[in-house]
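Ready for some practice with a fold? Each exercise below sets a task and then works through it step by step, so try your own answer before reading on.

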Amino acid sequence: MAQIDRGDGFETLAIHAGQEPDPLTGAVVPPIYQVSTYKQDGVGGLRGGSMAGAGTGPGRWVEGYEYSRTANPTRGALEECLAALEGGVRALAFASGMAAEDCLVRAVCQPGDHVLIPHDAYGGTFRLFDKVMAHWGVTYHPVPVSDTEAVRAAMAAHGARLIWVETPTNPLLSIADIGALAEVAHSAGALLAVDNTFASPYLQQPLALGADTVIHSTTKYLGGHSDVVGGALAVSDADLAERLAFLQNAVGSAGGPFDAWLTLRGVKTLAVRMDRHCDNGAQVAAMLANHPRVAQVYYPGLADHPGHEVAAKQMRGFGGMVSFRHAGGEAAAVEMCGRTRLFTLGESLGGVESLIEHPARMTHASVAGSPLEVPSDLVRLSVGIENIDDLIEDLRAALG
Ligand SMILES: *Cc1c(COP(=O)(O)O)cnc(C)c1O
């Protein structure tokens, strides 16, 4: 079989990168190597190392297999696939998105360092900086990352080792200009990290726009089926990749082989799923924008969204996440979340099934009382890939 190369299209890479048929059996899908340790051929004679540096196959970055915390072939297949999809020199797969974030912060920051984070960051990201990193001497400052000049000013006022960006943000779907922020970060000697969870690599490739690191909760669109929790980092610099891999092994935050296998299975259909998420998301946003019981819709595909132009420039599509403010206030928003038939009331996002939630009381409860607090009448939708007429009818009925 011809080897996959980076010039192949996204859909091809998603299905084949890191996933050459098994050399021994010809299995077309990477097996689940549910194993902790590996036989050595004489002390230090590790198997699987022959592929090291060959640029293909799950052995690409290993000198051979000795212990699955350090390297596992199924995880390696996922890591190689994600590196190809993000256009990075390397990717690393973790037990969760938060484990990936923790690894990144500890690899690039030291006590005394400062980080700029989005003022509407994912709640778990805020909690990591506010309740965990702060105790280890890494401080943070929330900034509206959709406002490049505000970030530049915060950089001048506070300095930072790292600018942390989400775009689109969770749950307000604001858009940051990745290329412009890369320039702000690099001109001050800082790194730019982009949480690409909401867009997925199919819609947006931050490394190509100048970011140094991409972060994923693979739990969301990459896995895509609400059946596995995982995280990933992808980087454009080989030295940074080495430091991250060292830390991942040293602290033991890698994901397990079955989780990697499930995630890879999801990734194969990412492109077709995202196309449908984008179509359905746009139609839901358009319906909500014209509904009398909706006060405001947050969807970057709407022409009046403040980040629309930047999103159109740096994204291939606008995704399936839609938030809106219920005109009836908090009580009406909460009540609606319990009244849908197809949209399941639950946290998380990015799966094939539609979800509805109330961020202030659910995903973002940890930012209550902080500068990151979200409006209490906000409802967040993860628009799935069900029949769009059914989804629209469900929302109309629940809005009343
Ligand atoms: C879910 C999420 C995370 C955290 O990922 P986990 O897999 O839940 O640990 C980080 N960032 C964003 C934007 C998320 O939605």
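## Exercise 1: an open sheet

V297 has F324 of β9 opposite it. Starting from that pair, work out how β8 and β9 run relative to each other, and then find the strand order of their sheet.

Solution. Before we begin, note that this is a predicted model, in which local features need pLDDT of at least 70 and side-chain atom pairs count only at pLDDT 80 or more, while totals for chains, interfaces and linings use all residues. Residues are numbered from 1 along each chain as its sequence is written, and side-chain values use heavy atoms, with hydrogens and water left out.

Step 1. β8 pairs with strand β9 (residues 321-326) in the antiparallel sense, over 4 bridges. Strands here are DSSP runs of E with at least two residues, helices are runs of H or I with at least four, and both are numbered from the N terminus; two strands pair if DSSP finds at least two bridges between them.

Step 2. The sheet is open and has 5 strands, ordered β8-β9-β12-β11-β10, with mixed pairing. β8 (294-298) and β10 (344-345) are the edge strands with a single partner each, so one side of each lacks a neighbour in the sheet.

## Exercise 2: strand β5 and its partners

Which strands are joined to β5 by bridges, and do they run parallel or antiparallel to it?

Solution. Step 1. Strand β4 (residues 162-166) runs parallel to β5, with 5 bridges between them. I163 is the residue opposite L192 in β5.

Step 2. Strand β6 (residues 213-217) is also parallel to β5, joined to it by 3 bridges. Here V194 has V214 in β6 as its bridge partner.

Step 3. Follow the connection: β4, helix α6 (residues 178-187) and β5 form a right-handed β-α-β unit. Right-handed means that, with the strands pointing away from the viewer, the path from the first strand over the helix to the second runs clockwise.

Step 4. Check the cover. In β5 (residues 191-195), 5 of 5 residues are buried, where buried means under 20% relative accessible area, exposed over 50% and partly exposed in between (1.4 Å probe, protein chains only). L191, A193 and D195 point one way, L192 and V194 the other way.

## Exercise 3: strand β1

How many residues of strand β1 are buried, and in which sense does β1 pair with β7?

Solution. Step 1. Strand β1 (residues 90-94) has 5 of its 5 residues buried, so it is largely enclosed by the rest of the structure. R90, L92 and F94 point one way from β1, with A91 and A93 pointing the other way. In a regular strand, side chains alternate between the two faces of the sheet.

Step 2. β1 and β7 are antiparallel, with 5 bridges, and F94 has G231 in β7 as its bridge partner.

## Exercise 4: unusual backbone geometry

Find the cis peptide bonds in the loop between β4 and α6, then look for positive phi angles outside glycine.

Solution. Step 1. Recall the background: most residues other than glycine have a negative phi, and most peptide bonds are trans.

Step 2. T167 and P168 are joined by a cis peptide bond with omega about -5°, and P168 sits in the loop between β4 and α6. The bond from N170 to P171 is cis too, with omega near 10°; P171 also belongs to the loop between β4 and α6.

Step 3. S226, in the loop between β6 and β7 (231-235), has a positive phi of about 55°. S226 is partly exposed, at 47% relative accessible area.

Step 4. S348 has a positive phi of about 75° and lies in the loop between β10 and β11 (355-357). With 29% relative accessibility, S348 is partly exposed.

## Exercise 5: the ligand shell

Which residues come nearest to the ligand, and what does the shell consist of by class?

Solution. Step 1. The ligand has 14 residues around it, and M98, D195, S217, T219 and K220 come nearest; a residue counts if one of its heavy atoms lies within 4 Å.

Step 2. By class, the shell has 4 nonpolar, 7 polar and 3 charged residues. Ala, Val, Leu, Ile, Met, Phe, Trp, Tyr, Cys and Pro count as nonpolar, Asp, Glu, Lys and Arg as charged, and the others, Gly among them, as polar. Helix α3 (residues 97-108) gives the largest share, 3 residues.

Step 3. A polar side-chain atom of T219 is 2.8 Å from an oxygen atom of the ligand, and a polar backbone atom of G97 is 2.9 Å from a ligand oxygen.

Notes
Polar contact = N/O pair within 3.5 Å; in protein donor to acceptor, adjacent residues only side chain to side chain.
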